[in-house]
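Let's take a walk through this one together, starting in a loop and ending inside the fold. Keep the viewer open as you read.

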Amino acid sequence: MMDALPISPKLSQLAGLVGRYAKPEYSVTQGGHVRTIAAGHYTVTGLSRHVRLGEFVAHRSPSGIHLGEVVRVEPDIAYVCPIEPGEPIGIHDVVIRKGAFRIAPEDSWCGRTINALGDPIDGGAPLKPGDIRRPIYATAPPSMTRRRVEEAFRTGVRAIDIFSPLCLGQRLGIFAGSGVGKSTLLSMLARADAFDRVVIALVGERGREVREFIEDTLGENMAKAVAVVATSDESPMLRKMAPLTAMTIAEHFRDKGENVLFIVDSVTRFAHAIREVATAAGEPPIARGYPASVFTELPRLLERAGPGAEGAGTITAIISILVDGDNHNDPIADSTRGILDGHIVLERSLADEGRYPPINPLSSISRLARKAWNPEQEKLVSRLKALIHRYEETRDLRLIGGYRNGSDPDLDMAIKQVPVIYEVLKQTPAEKPAADAYADLANALKNAVANQPGGMRR
């Protein structure tokens, strides 16, 4: 079978329309025709010699020109996943190659809400393109050219600033089941004042929550933020592209020397979108229904965050991971945990007790905490964790009355101080970010001791 089809008058007409209406980054080179149509993809003849995986094609239907991404290439057939849901596709429709998808971020995009294709969805004016067009499928900077992570910052969330402090350029995961409080904690972290820019990817979120997050949570901080949105009802291709588009925007600001906060909610739905696309392309599953490409795409996205080269800024990534059935060892959680520089664990049992944010300080780890702690703080946190562990491991014993006060001095201290620590760690989004978490904790413990019988006696 001949792989390249001659340019017919119909194809030439489509080429002219694409050149007139499509974005400038696209170029019309080769064309083909739709051969077969399935639920999640369609196949094209005449393009196999010319297209590459991840490139975009344009398909003309009665309703206009629509985009698709090449997800599989065989000698005579290319498999294409449509970008837009419900795209009308017919046999023998004309399809042309467009090349890699690129966007041109610009500083004026701050304060705007856009979709995964880089188009505004907030009802505002068209976006002004920047000078450099960047492919959304990019690679991370070479490891030996990147700066070291050194500088700590305050998030304003006491449970994190004390037990799992963060540094600029760090990548942190928030692990939790559904309805435990991931999005609420992300909204609290988005208010940190250590960043010049904030880039947020809302992937697979409920449509009603988008405005709430942008208007109520970000508020005045939206002036320095860009939100990339792909809601749950959009196509898997758009949900897959949203974090890539957001990361490309974050890299634009990082290369200008700015410190960027990059938030994804959630990377699990990003993985689900990759799974849907890969399954439509015929890729077999290897781990609980996830194909191998999921575990390839996750590090490719997350490794792009972090410090840039000398003279560039940093991308601090905070991503949420939805653990299926509260199983923190499911394939996506286990894979991302090994890529990230730390993880915050939210537990449903703590939320049921009314402790928000429901962070488990014993299970949460920041691999860069020692760069944020001074020696005294490190010693203090170690002691606090020991008290909390002692308090929790004897909970059942104390509930049945099996412990007598005075038998264990460390446990006596834990019984007195751990409830105070838990009270200090409680924090709601309505509260102002904590300026000094250690001072808040010290004052609370001091007041608790002063109010005990005997005053300040030890």
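Start at Pro357, which sits in the loop between α9 (348-352) and β21 (365-366). Keep in mind that you're looking at a predicted model. The peptide bond that leads from Tyr356 into Pro357 is cis, with omega near -5 degrees. Both residues turn up again a little further in, since Tyr356 and Pro357 are among the residues that line the largest cavity.

So what lines the largest cavity besides those two? Going along the chain, you meet Ala159, Leu350, Arg355, then Tyr356 and Pro357 themselves, followed by Pro358, Ile359, Tyr422, Leu425 and Lys426. The volume enclosed there is about 60 Å³. Sorted by class, the lining holds eight nonpolar residues and two charged ones, with no polar residues.

Tyr422 is a good handle for moving on from here, as it belongs to that lining and also takes part in a ring-ring contact. Which aromatic contacts does the model have? The count comes to four aromatic pairs. One of them is Tyr290 with Phe295, an edge-to-face arrangement at 6.3 Å centre to centre and with 70 degrees between the planes. In that pair, Tyr290 is buried, because its relative accessibility of 2% falls under the 20% cut-off. Phe295 has a relative accessible area of 23%, so it lands in the partly exposed class, between 20% and 50%.

Now for the pair that involves Tyr422. Its ring and the ring of Tyr391 have centres 6.2 Å apart and planes at 80 degrees, and because edge-to-face applies over 60 degrees, this pair gets that label. The contact links distant parts of the chain: Tyr391 is in helix α11 (residues 375-393) and Tyr422 is in helix α13 (residues 409-425), 31 residues apart. Are these two tyrosines buried or exposed? Tyr391 is buried at a relative accessible area of 11%, and Tyr422 is buried too, at 10%.

Tyr391 has another neighbour worth a click: Arg398 lies over the face of its ring, 4.2 Å from the ring centre. You can find a second arrangement of this kind at Phe175, where the charged end of Arg337 sits over the ring at 5.1 Å from its centre.

Next, swing over to Asp265 and Ser266, which are joined by a cis peptide bond with omega of about 0 degrees. Ser266 is in the loop between β15 (259-265) and α6, so following the chain onward from this bond takes you into helix α6 (residues 267-280). How far does α6 reach from its first C-alpha to its last? The 14 residues cover 20 Å, close to the 20 Å expected at 1.5 Å a residue. Most of α6 is covered, with 10 of its 14 residues buried. Among them are Val267 and Thr268 at its start, along with Phe270, His272, Ile274 and Val277.

Ala278 is also in α6, and it counts as buried because its relative accessibility is 6%, under the 20% cut-off. For a sense of scale, compare it with Arg355 from the cavity lining: the two are 77 residues apart in sequence and 40 Å apart in space, C-alpha to C-alpha. Just after α6, Gly282 takes a positive phi of about 90 degrees.

Glycine isn't the end of the positive-phi story. Arg288 has a positive phi of about 50 degrees although it is not a glycine, and it is found in the loop between β16 (285-287) and β17 (290-291). His92 does something similar, at about 75 degrees, in the loop between β5 (77-82) and β6 (94-99). Where do these two stand on accessibility? Arg288 is exposed at 59%, and His92 is exposed at 56%.

Finish back inside the protein. The count comes to two cavities of 30 Å³ or more, and the second largest holds about 50 Å³ of space. Its lining is made of Ile136, Tyr137, Ala138, Leu244, Glu297, Arg300, Leu301 and Arg304. Helix α7 (residues 292-302) gives the most to this lining, with three residues. By class, the lining divides into five nonpolar residues and three charged ones, with no polar residues.

How values were computed
Residues numbered from 1 in each chain as written. Predicted model: local features only at pLDDT ≥ 70, side-chain atom pairs only at ≥ 80, totals over all residues. Heavy atoms only, no water. 1 Å grid on protein atoms, 1.4 Å probe; cavity = no way out; pocket = protein on both sides within 12 Å on 5 of 7 lines; lining within 4 Å. Points joined across faces, edges and corners; volume = space filled by probe spheres on them. Nonpolar A, V, L, I, M, F, W, Y, C, P; charged D, E, K, R; others polar. Helix = DSSP H or I, 4+ residues; strand = E, 2+ residues; numbered from the N terminus. Expected span 1.5 Å × (residues − 1). Buried < 20%, exposed > 50% of the residue type's maximum accessible area, 1.4 Å probe, protein only. Phe/Tyr/Trp six-rings, centres within 6.5 Å; stacked < 30°, edge-to-face > 60°. Lys NZ or Arg CZ within 6 Å of the ring centre and 35° of its normal.
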